[in-house]
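Biologist: Please take me closely through the aromatic rings in this one, and then carry on to whatever lies around them. I'd like one connected walk, with the cut-offs explained as you go.

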Amino acid sequence: MTSTTLSASPPLLPRPAIEPTQPPISNDPPSFTPIHDASDINQIELLSVSWNQDYGCFAAGTSQDFRIYNCQPFKETFRRNLKTGGFKIVEMLFRCNILALVGGESNSHYPPNKVIIWDDHQSRCIGEFAFRSEVRAVKLRRDRIVVVLEHKIYVYGFMDLKLLHQIETSANPRGLCCLSHHSNTSVLACPGLYRGLIRVEHFGLNIMKLINAHDSHIACLTLTLDGLLLATASTKGTLIRIFNTMDGTRLQEVRRGVDRADIYSIALSPNFQWLAVSSDKGTVHIFHLRVRVFGGHSSSQQSSVQGPALLHQNSSTSLDALIPPSTGANPSSSLSFMRGVLPKYFSSEWSFARFHLPEDTQFIAAFGSQNTVVVVGMNGSFYRCSFDPVHGGEMLQQEYVRFLKTKT
């Protein structure tokens with residue numbers, strides 16, 4: 001059961017995006033809190049961190065406010081203290097002024113079962129959704145607002161907040177759901193009704209695909225920006241699988257490790273070449289993708305990786321898994337010639353590059369520019385590291401920032 005309230009303000013139209021190094025707004029409303037605040041020290045609890053859609057920024061929800069950080073160069077661009085309590089979900093829409101907020105347990109005005117659509121240019125709420133149960137996640141794209149509850153997903157139009165779709169899921173306490181972000185594709189992926197099943201909706205094509213991804217429950221999933229590739233991990237946390245969302249074909253499988261692990265994040269690089277995984281084992285793994293994307297009906301079709309702009313849902317796009325030469329690409333075990341005789345992990349594809357982190361903190365990873373990976377931790381830390389795209393191995397730390405001193 002849900003209720004929707006639309007403010008009397010103009011329609012929900014995001015303002016134009018700004019340059020990457022600029023703060024998302026040009027003037028500070030009265031609720032602005034100075035960036036350097038002595039109250040940070042050992043008093044604030046970090047409730048959530050999340051990337052924007054192009055991984056150039058991230059949002060942090062704390063027990064007092066929410067904050068937006070730019071990744072390159074790293075800086076806090078602004079924070080908002082609404083004097084009501086903290087926020088457990090802060091979802092950005094690229095770099096525009098519209099955000100989705102869900103309050104923490106102690107928020108006196110915005111409870112955990114309500115989604116607030118916040119216009120930071122006007123410094124006020126311009127729409128809200130109320131539910132009978134706690135909101136697990138909110139996802140935004142330029143034409144959709146997606147609200148994830150534990151057993152159901154609601155899809156709304158961005159402009160008028162009208163309900164467009166309702167999707168039943170299995171128990172989804174992590175709020176797993178992801179969207180494509182290209183204007184020519186409209187794809188949603190979420191858990192299906194049964195263990196290990198993933199449901200993929202191609203709204204632009206009116207196609208729904210069910211993918212039997214794992215034997216165990218789904219722990220993490222992500223889409224490429226165009227929505228044509230899906231990467232998944234289960235609660236076992238040993239294998240990551242990549243699928244074609246159009247036909248459900250499994251294109252590749254890579255191994256994080258042999259022991260069970262809690263997968264915190266999966267990221268696919270925009271150029272379709274790399275995959276990053278973070279887990280509770282304290283390591284970010286980089287894998288070499290063996291997937292090449294070809295755009296159908298293109299006179300300039302080449303065998304090299306095509307950019308997402310060449311992929312259109314009204315074409316016969318195909319995705320093919322191509323085995324690279326044995327040198328340079330993602331390494332597999334030297335015992336792979338005995339595949340089918342020895343246990344499966346001997347013939348698995350293992351990580352190409354690695355970066356080690358503290359094991360007692362949850363980290364999410366994403367790809368930066370020029371063979372770099374950016375990592376944000378729930379202990380208030382930010383890392384930037386680089387990897388050798390030819391030889392792999394241990395990644396090099398390029399930057400470390402403690403952006404928030406959390407409660408000890």
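Modeller: Happy to! The count comes to 20 aromatic pairs, where rings of Phe, Tyr and Trp (its six-membered ring) pair if their centres lie within 6.5 Å, and planes under 30 degrees apart are called stacked, over 60 edge-to-face and the rest tilted. Tyr 154 and Tyr 156 make a stacked pair, with 6.3 Å centre to centre and 25° between the planes. Before we go further, this is a predicted model, in which local features need pLDDT of at least 70 and side-chain atom pairs count only at pLDDT 80 or more, while totals for chains, interfaces and linings use all residues. Residues are numbered from 1 along each chain as its sequence is written, and side-chain values use heavy atoms, with hydrogens and water left out.

Back to those two tyrosines. Tyr 154 is buried at 4% relative accessible area, where buried means under 20%, exposed over 50% and partly exposed in between (1.4 Å probe, protein chains only). Tyr 156 is buried too, at 1%. A second pair, Phe 363 with Tyr 383, is edge-to-face: the centres are 6.1 Å apart and the planes meet at 65°. Here the partners come from distant parts of the chain, 20 residues apart, with Phe 363 in strand β28 (residues 363-367) and Tyr 383 in strand β30 (residues 381-386). Strands and helices are DSSP runs numbered from the N terminus, strands (E) having at least two residues and helices (H or I) at least four. Both rings belong to buried residues, Phe 363 at 2% and Tyr 383 at 10%.

Ring pairs also build a cluster, which links Trp 51, Tyr 55, Phe 58, Tyr 69, Phe 74, Phe 382 and Phe 403. Just before Phe 74 you will find a cis peptide bond, from Gln 72 to Pro 73, with omega near -5°. Pro 73 is in the loop between β4 (66-71) and β5 (74-80).

Another ring has a charge as its companion. The charged end of Arg 142 sits over the ring of Phe 94, 4.1 Å from its centre; the rule asks for NZ of Lys or CZ of Arg within 6 Å of the ring centre and within 35 degrees of the ring normal. Phe 129, for its part, lies in strand β9 (residues 124-131) and is buried at 0% relative accessible area. Its C-alpha atom is 5.6 Å from that of Lys 114, although the two are 15 residues apart along the chain.

What about the empty space? On a 1 Å grid over the protein atoms alone, a cavity is a set of points where a 1.4 Å probe fits but cannot get out, and a pocket is an open set with protein on both sides within 12 Å along at least five of seven lines; lining residues have an atom within 4 Å of a point. The largest pocket has a volume of about 1300 Å³, a volume being the space filled by probe spheres set on grid points joined across faces, edges and corners. Of its 43 lining residues, Val 49, Ser 50, Lys 139, Arg 174 and Ile 364 are the closest to the centre. Our β28 from the edge-to-face pair returns here, among the strands that each supply at least two lining residues. The lining has 27 nonpolar, 10 polar and 6 charged residues, with Ala, Val, Leu, Ile, Met, Phe, Trp, Tyr, Cys and Pro counted as nonpolar, Asp, Glu, Lys and Arg as charged, and the others, Gly among them, as polar.

Another contributor to that lining is β14, which belongs to an open antiparallel sheet in the order β14-β15-β16-β17. β14 (178-179) and β17 stand at the edges with a single partner strand each, so one side of each is left without a neighbour in the sheet. β14 pairs with strand β15 (residues 187-191) over 2 bridges, and two bridges is the minimum for DSSP strands to pair. In one of these, Leu 179 has Leu 188 as its bridge partner in β15. Both leucines also help to line the second largest cavity, which holds about 50 Å³.
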